[in-house]
Amino acid sequence: MADIKGILFDKDGTLVDFNATWLGIADFMAMDAAEGDRWKADRLLAAAGFDFATKRFKPDSIFASGSNMDVVELWFPRLSDEDQLLAVSRFNEITSVQGSSMAVALPGIIDSLRTLHKQSYRMGVATNDSTSGAEKTLATLGVAQLFEAAFGYDAVASPKPAPDTVVAFCDLTGLKPGEIAMVGDNRHDLEMARAGGCGLAVGVLSGTGTRDSLAPMADVVLDSVADLPDFLAARVNVPAG
């Protein structure tokens, strides 16, 4: 049984209430991309995984688990490389400023993060949002001081589900991959945990993922990060054998 000393958290749907924070921002981005055309904006949202019947993004959809580059490539497939970078920069600005300022923490998350920090877990964020957006969000939530670092899609050569962020967190903390737990609400999070050799892959049901989508890749599926301190404490105290 791995001795977990560090925890990497996904951000949206894991620490932050995805729908409360991002529905309005996603709509703003789609309207911006559609130049104010409501019909076109709705088509873009649907393509990115928004389910208009449930008013939620589908599990593992582009907007739920992808990066701004993924969104740009989906919505603007024929842009030149230069214009593509400009579009990504525009979306980074929107998500970094508005996404962070409108961030809503999931219930019980702040107290759980403080508990884990007091227990000396080394903590980081692994997100497919931009690094700037992640850092600003942690500051908005008042928990930035609890984290070693936030790694956005632009902080590593290959973002989730590639293992680069796990490697970067190990380089920063000196921990081994087997000493790290990865916690997230999408398969991308768990796929990164497996690819990076993490000692524990934890799925949470607080975001867009479902038990059916997460269970095949997870060591455990919890309702929320609010349940993580008790789970880790019980895991440490389970007798070997």
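Just after helix α6, residue S120 takes a positive phi of about 70 degrees. That is a good place to begin our walk through this model, which is a predicted one. S120 is a residue other than glycine, and still its phi is positive. You can find S120 in the loop between α6 and β4, a strand that covers residues 122-126. Is S120 buried or exposed? With a relative accessible area of 58%, S120 is exposed, because anything over 50% counts as exposed.

Now step back into the helix that comes before this loop. Helix α6 runs over residues 109-118, and its buried residues are I109, I110, S112, L113 and L116. These residues cover an arc of only 165 degrees around the axis, so they sit on the same side of α6. A general rule helps here: an α-helix has 3.6 residues a turn, so residues three or four places apart point the same way. Turn to the other side of α6, and you meet D111 and K118, which are exposed.

Let us look at one of the buried residues in more detail. S112 has its place in helix α6. Its relative accessibility is 6%, so S112 counts as buried, the limit being under 20%. Which residues does S112 touch, once its neighbours within four places in sequence are left aside? The contacts of S112 are V225, A226 and P229.

Helix α7 gives you a chance to see a similar story. In α7, the buried residues are T131, G133, A134, T137, L138 and L141. Here too the arc around the axis is only 165 degrees, which puts these residues on the same side of α7. What do the buried residues of α7 pack against? Their partners are α5, α6, β4 and β5. Right after α7 comes G142, which has a positive phi, near 80 degrees.

One of those partners, α5, deserves a closer look. The axes of α5 and α7 (residues 131-141) come within 8 Å of each other and cross at roughly 15 degrees. The two helices are therefore roughly parallel to each other, and their crossing is right-handed. On the α5 side, the residues that meet α7 are S96, G99, S100 and S101. On the α7 side, they are S132, G133, K136, T137 and T140. Sorted by class, this contact has no nonpolar residues, eight polar ones and one charged one.

Helix α5 also packs with a second helix. How do α1 (residues 18-33) and α5 (residues 81-101) lie with respect to each other? Their packing angle is about 150 degrees, and their axes are 11 Å apart. That makes α1 and α5 roughly antiparallel, because angles over 145 degrees are counted that way. The crossing of α1 and α5 is right-handed. From α1, the residues T21, W22, I25, F28, M29, D32 and A33 take part, and they meet R90, F91, I94, T95, Q98 and G99 from α5. Seven of the residues in this contact are nonpolar, four are polar and two are charged. You may recognise G99 of α5, which meets α1 and also meets α7.

Follow the chain on from α1 and you reach E35, in the loop between α1 and α2 (38-47). E35 is not a glycine, yet it has a positive phi of about 55 degrees. Its relative accessible area is 76%, so E35 is exposed.

Another loop holds a special peptide bond. The bond from K160 to P161 is cis, and its omega is near 15 degrees. P161 belongs to the loop between β5 (149-151) and α8 (164-173).

Finally, let us visit the start of the chain. I4 lies in the segment before β1 (6-9). I4 has a relative accessible area of 8%, so it is buried. How far apart are I4 and K176 in sequence, and how far in space? They are 172 residues apart in sequence and 9.6 Å apart in space, C-alpha to C-alpha. Not counting residues up to four places away in sequence, I4 touches Y121, G178, E179, I180, A181, G199, L200 and R235. Y121 may catch your eye among these contacts of I4, and with that we are back in the part of the chain where we began.

Definitions and conventions
Residues are numbered from 1 along each chain as its sequence is written. This is a predicted model: local features need pLDDT of at least 70, side-chain atom pairs count only at pLDDT 80 or more; totals for chains, interfaces and linings use all residues. Side-chain values use heavy atoms; hydrogens and water are left out. Axes are lines fitted to C-alpha atoms, for helices over the stretch in contact, and angles run from 0 to 180 degrees between N-to-C directions. Helices (H or I, at least four residues) and strands (E, at least two) are DSSP runs, numbered from the N terminus. Angles under 35 degrees count as roughly parallel, over 145 as roughly antiparallel, 65 to 115 as roughly perpendicular and the rest as oblique. A crossing is left-handed if the near helix is turned anticlockwise from the far one by less than a right angle, and right-handed if clockwise. Contact means heavy atoms within 4.5 Å. Ala, Val, Leu, Ile, Met, Phe, Trp, Tyr, Cys and Pro count as nonpolar, Asp, Glu, Lys and Arg as charged, and the others, Gly among them, as polar. Buried means under 20% relative accessible area, exposed over 50%, partly exposed in between (1.4 Å probe, protein chains only). The arc is that of the directions from the helix axis to the C-beta atoms.
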